[in-house]
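Student: I should like to request a close look at a single part of this model. Please treat its packing, its charged contacts and its surface in one connected account.

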Amino acid sequence: MKKRFVNLPDNINLEFKKLHSLQDGWLDGEGKAPDRKGLEWFETMMEDYYPEDLPLPYIYPTGEGNLQLEWDMENLDVSLEVDLSTHEGELHILNFTTEKTTEVIYQLNDADEWHALIERLKELQEAVDAK
């Protein structure tokens, strides 16, 4: 597969390439491979909406054929579960200090929802950076 999205960093392009190569059964004989069209949609969304000034997430496949993104943010556990068929993203935030959990659902086909997600991630990163 050729590198399609030149504006995404090489490590993210490599992760998407690996995701595209997964086959059903990738997880110890189980695990559904992510839908190729869904992956292409999400790559496009990342290209269109993910800002260069925000730390990149780690991207993992889920056993159900979707994606999980995780950010390394000090005393926070921040992840986004992306459903590749419904294009819904569920943001999970766990503050290890306060033990407070927050969950927010975003419709990732909607530009305003993407902007809201990015703003939330920036707020979290700024709070971590301020410490």
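Tutor: The model is a predicted one, and the account begins with its interior. The largest nonpolar core comprises 32 residues, and those with the most contacts inside it are Phe16, Phe42, Leu67, Leu69, Val78 and Val82. Two or more residues of this core come from each of helix 1 (10-21), helix 2 (36-49), strand 2 (67-73), strand 3 (76-83), strand 4 (88-95) and helix 3. Among these elements, helix 3 gives the most, with six residues. Helix 3, which spans residues 111-129, is therefore the part chosen for the close look, because no other element gives as many residues to this core.

The charged side chains of helix 3 come next. A search of the whole structure finds three salt bridges. One of them joins Glu123 and Arg120, with an N to O distance of 3.4 Å. Glu123 and Arg120 lie three residues apart in helix 3, so about one helical turn separates them. Glu123 has a relative accessible area of 43%, which means that it is partly exposed; Arg120, at 25%, also counts as partly exposed.

A further salt bridge ties helix 3 to another region. Lys122 pairs with Asp53, and their closest N and O atoms are 3.9 Å apart. This pair links distant parts of the chain: Lys122 belongs to helix 3, whereas Asp53 lies in the loop between helix 2 and strand 1 (58-61), 69 residues away. Asp53 is exposed because its relative accessible area is 60%, and exposed means over 50%. Lys122, at 22% relative accessibility, counts as partly exposed.

For reference outside helix 3, Glu15 and Lys18 also form a salt bridge, at 3.8 Å from N to O. These two residues are three residues apart in helix 1, so they too are separated by about one helical turn. Glu15 is partly exposed at 26% relative accessibility, and Lys18 is partly exposed at 45%.

Two further acidic residues complete the view of helix 3. Glu113 is found in this helix and is partly exposed, with a relative accessible area of 27%. The C-alpha atom of Glu113 is separated by 17 Å from that of Ser85, which is 28 residues away along the chain. Asp129 also has its place in helix 3, and its relative accessibility of 54% is why it counts as exposed. On the surface, Asp129 gathers with Glu74, Glu119 and Glu126 in a patch of negative charge.

Definitions and conventions
Residues numbered from 1 in each chain as written. Predicted model: local features only at pLDDT ≥ 70, side-chain atom pairs only at ≥ 80, totals over all residues. Heavy atoms only, no water. Patch = residues over 30% accessible without salt bridge, like charges linked within 9 Å, V, L, I, M, F, W, Y side chains within 5 Å. Areas by Shrake-Rupley, 256 points an atom, 1.4 Å probe, with all protein chains shown as cover. Salt bridge = Lys/Arg side-chain N within 4 Å of Asp/Glu carboxyl O. Lys, Arg positive; Asp, Glu negative; His and termini not counted. Charge placed at Lys NZ, Arg CZ, Asp CG, Glu CD. Helix = DSSP H or I, 4+ residues; strand = E, 2+ residues; numbered from the N terminus. Buried < 20%, exposed > 50% of the residue type's maximum accessible area, 1.4 Å probe, protein only. Core = buried A, V, L, I, M, F, W, Y, C linked by side-chain atoms within 4.5 Å.
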